[in-house]
Amino acid sequence: MGFLLIYDITNQDSFNTVQDWATQIKTYSWDNAQVILVGNKCDLEDDRLIPTEDSQRLAHELSFQFFEASAKDNINVKQVFECLVDVICEKMNESMDGDGPVSNHKDSSPQDTSSEGHTGCAC
């Protein structure tokens, strides 16, 4: 029901494949699958090759939410997973409330939520 599409901010090839992975997800997953784009290794700022603005722009184009994180330094790791659970639960609740079939997340507005707190899921 959800995907974390993760690339390495220090690796251009990693970022270049995001569009291909997004196409695969949209082609082979169900319509209501939720996706969060994650730029990993934000602890390596001196080695950064992918500007945050480029990632935000791509996330917006793909209608994905966006975070930068560091698995090594545990930066935004919990927040990424909490956000994914929250958006999945929101879509499930919409579906259960009789709002009709759940469509792809193209209507949701992506945002850089890397510094925002997240509340618990409503389900």
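In this predicted model, residues 24 or more positions apart account for 81% of the contacts in the chain with a separation of 6 or more. The chain has 123 residues, and 40% of them count as buried. Its exposed surface comes to about 7,100 Å², of which carbon and sulfur atoms supply 49%. The secondary structure consists of 4 helices and 3 strands, and these follow the pattern β-α-α-β-α-β-α when read along the sequence.

The interior is a good place to begin a closer look. The largest nonpolar core has 16 residues, and Leu5, Tyr7, Phe15, Val18, Leu37, Leu62 and Phe64 are those with the most contacts inside it. At least two residues of this core come from each of S1, H2, S2 and H3. Another core, of 9 residues, lies apart from it and includes Val38, Cys83, Leu84 and Val87.

Two of the residues named for the 16-residue core, Tyr7 and Phe15, also meet through their rings. The chain has 1 aromatic pair by the rule applied here. In that pair, the ring centres of Tyr7 and Phe15 are 5.1 Å apart and the planes stand at 65°; since planes over 60 degrees apart count as edge-to-face, the pair falls into that class. Tyr7 and Phe15 are both buried.

Helix H2, spanning residues 18-28, shows how a single element can be divided between interior and surface. Its residues Val18, Ala22 and Ile25 are buried. These three sit on the same side of H2, because the arc they cover around the axis is only 60°. On the face turned away from that buried side, H2 carries Asp20, Thr27 and Tyr28, which are exposed. The cover over the buried residues of H2 includes S1, H1, strand S2 (34-40) and helix H3 (52-62). Val18 thus appears twice in this account, as a buried residue of H2 and among the residues with the most contacts inside the largest core.

A last point of interest is Thr10, found in the loop that runs between strand S1 (2-8) and helix H1 (12-16). The side chain of Thr10 is joined to that of Asp8 by a polar contact of 2.6 Å. Leaving aside residues up to four places away in sequence, Thr10 touches Lys41, Leu44, Asp47, Arg48 and Leu49.

How values were computed: Residues numbered from 1 in each chain as written. Predicted model: local features only at pLDDT ≥ 70, side-chain atom pairs only at ≥ 80, totals over all residues. Heavy atoms only, no water. Polar contact = N/O pair within 3.5 Å; in protein donor to acceptor, adjacent residues only side chain to side chain. Contact = heavy atoms within 4.5 Å. Phe/Tyr/Trp six-rings, centres within 6.5 Å; stacked < 30°, edge-to-face > 60°. Buried < 20%, exposed > 50% of the residue type's maximum accessible area, 1.4 Å probe, protein only. Arc of directions from axis to C-beta. Core = buried A, V, L, I, M, F, W, Y, C linked by side-chain atoms within 4.5 Å. Areas by Shrake-Rupley, 256 points an atom, 1.4 Å probe, with all protein chains shown as cover.
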